[in-house]
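Welcome! Take a moment to turn the structure around on your screen, then use the notes below as a guided tour.

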Amino acid sequence: MSVNGITNGVAGAYTAPAAANTKTNASAEDTAKKAEDVGVVYEPSDAAKDSKTSKTSDYSSIVKNMKLELSTKNKQLESLVSQLLGKQANKYTSLADMFKNINADPETIAQAQKDISDDGYWGVEQTSDRLVSMAQALSGGDASKADEMIAAIKKGYDQATKAWGDKLPDICQKTIDSATKKLTDWRNSLNDKTAAEDTTVNAAK
């Protein structure tokens, strides 16, 4: 057997694997390319579908929590109103008692009169301002909740009346009326602002 024959045999033996390697490499490249192309397509998994479902159910949970929070804040306001009006009523009746008591100190009577005067600390204006400030704080500064705050204030007034055991002094009713008007004006200011913004937007179009 000649050397050339052996050489040709060896070369022939290794020619096929080389071709096979080339074919394998080409096949691998095609597979990688296909995988790359398929990777661009999004196929939602069951987990993703479950996530969407859970998100939808979360909305009702959020709404429930918001209602609970608002209910809690309303009750807080009712309690604060009841306490505040109770103190105002006590101040008012204390002054009346002072006038009945001829031994009352003139300076004490003068201070009590000042406290429940229109501009006094327990007067209609300052007391109603405190009620409005509490309502606005509990509403988070959201004027759209003004009606709910007004309702809470009126409930607080009813609670104070029951606790008092009789009709509250007129100064308390005037205070509630003043607070209600201020909250209504606050709500209307939001509506007026929204209407003005809508008019501006429409005019721009």
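Let's start with one residue: Gln-111 has a relative accessibility of 41%, so it counts as partly exposed, since that class lies between 20% and 50%. Keep in mind that this is a predicted model. Gln-111 belongs to helix H3, and its C-alpha atom is 9.5 Å from that of Leu-95, a residue 16 places away in sequence.

**The overall plan**

- The chain has six helices and zero strands.
- Reading from the N terminus, the order of elements is therefore simply α-α-α-α-α-α.
- The chain has 205 residues, and 24% of them count as buried.
- If you take the contacts between residues at least 6 apart in sequence, 72% of them join residues at least 24 apart.

**Helix H4 and what follows**

- Helix H4 covers residues 124–138, which makes 15 residues.
- Here is a small check you can follow: at 1.5 Å a residue, H4 should span 21 Å, and its end C-alpha atoms are indeed 21 Å apart, so the two values agree.
- Which residues of H4 are buried? They are Val-124, Thr-127, Ser-128, Arg-130, Leu-131, Val-132, Ala-135 and Leu-138.
- Ser-128, which lies in H4, has a relative accessible area of 0%, so it is buried.
- Leaving out residues up to four places away in sequence, Ser-128 touches Thr-175, Ser-178, Ala-179 and Lys-182.
- Just after H4 comes Gly-140, with a positive phi of about 75°.

**Two rings and a charge**

- How many aromatic pairs does the structure hold? There is one.
- This pair is made by Tyr-121 and Trp-122: their ring centres are 5.1 Å apart and their planes meet at 85°, so the pair is edge-to-face.
- Tyr-121 is partly exposed, with a relative accessible area of 42%, whereas Trp-122 is buried, at 14%.
- Arg-130 joins the picture too, as its charged end sits over the ring of Tyr-121, 3.9 Å from the ring centre.
- Arg-130 also lies over the face of Trp-122, at 5.2 Å from that ring's centre.

**The nonpolar core**

- The largest nonpolar core contains 31 residues, and those with the most contacts inside it are Leu-77, Leu-85, Ile-153 and Leu-183.
- Two or more core residues come from each of these elements: helix H2 (46–100), helix H3 (106–115), H4, helix H5 (146–164) and helix H6 (170–204).
- Which helix gives the largest share of this core? That is H5, with seven residues.
- Look at Leu-183 for a closer view: apart from its neighbours within four places in sequence, Leu-183 is in contact with Val-132, Ala-135, Gln-136, Ala-146, Met-149, Ile-150 and Ile-153.

**The loop between H4 and H5**

- Asp-142 is found in this loop, between H4 and H5.
- Is Asp-142 buried or partly exposed? Its relative accessible area is 25%, so Asp-142 is partly exposed.
- The side chain of Asp-142 makes a polar contact with the side chain of Lys-145, at 2.9 Å.
- Asp-142 and Leu-190 are 48 residues apart along the chain, and their C-alpha atoms are separated by 9.1 Å.

Methods
Residues numbered from 1 in each chain as written. Predicted model: local features only at pLDDT ≥ 70, side-chain atom pairs only at ≥ 80, totals over all residues. Heavy atoms only, no water. Helix = DSSP H or I, 4+ residues; strand = E, 2+ residues; numbered from the N terminus. Expected span 1.5 Å × (residues − 1). Buried < 20%, exposed > 50% of the residue type's maximum accessible area, 1.4 Å probe, protein only. Phe/Tyr/Trp six-rings, centres within 6.5 Å; stacked < 30°, edge-to-face > 60°. Lys NZ or Arg CZ within 6 Å of the ring centre and 35° of its normal. Core = buried A, V, L, I, M, F, W, Y, C linked by side-chain atoms within 4.5 Å. Contact = heavy atoms within 4.5 Å. Polar contact = N/O pair within 3.5 Å; in protein donor to acceptor, adjacent residues only side chain to side chain.
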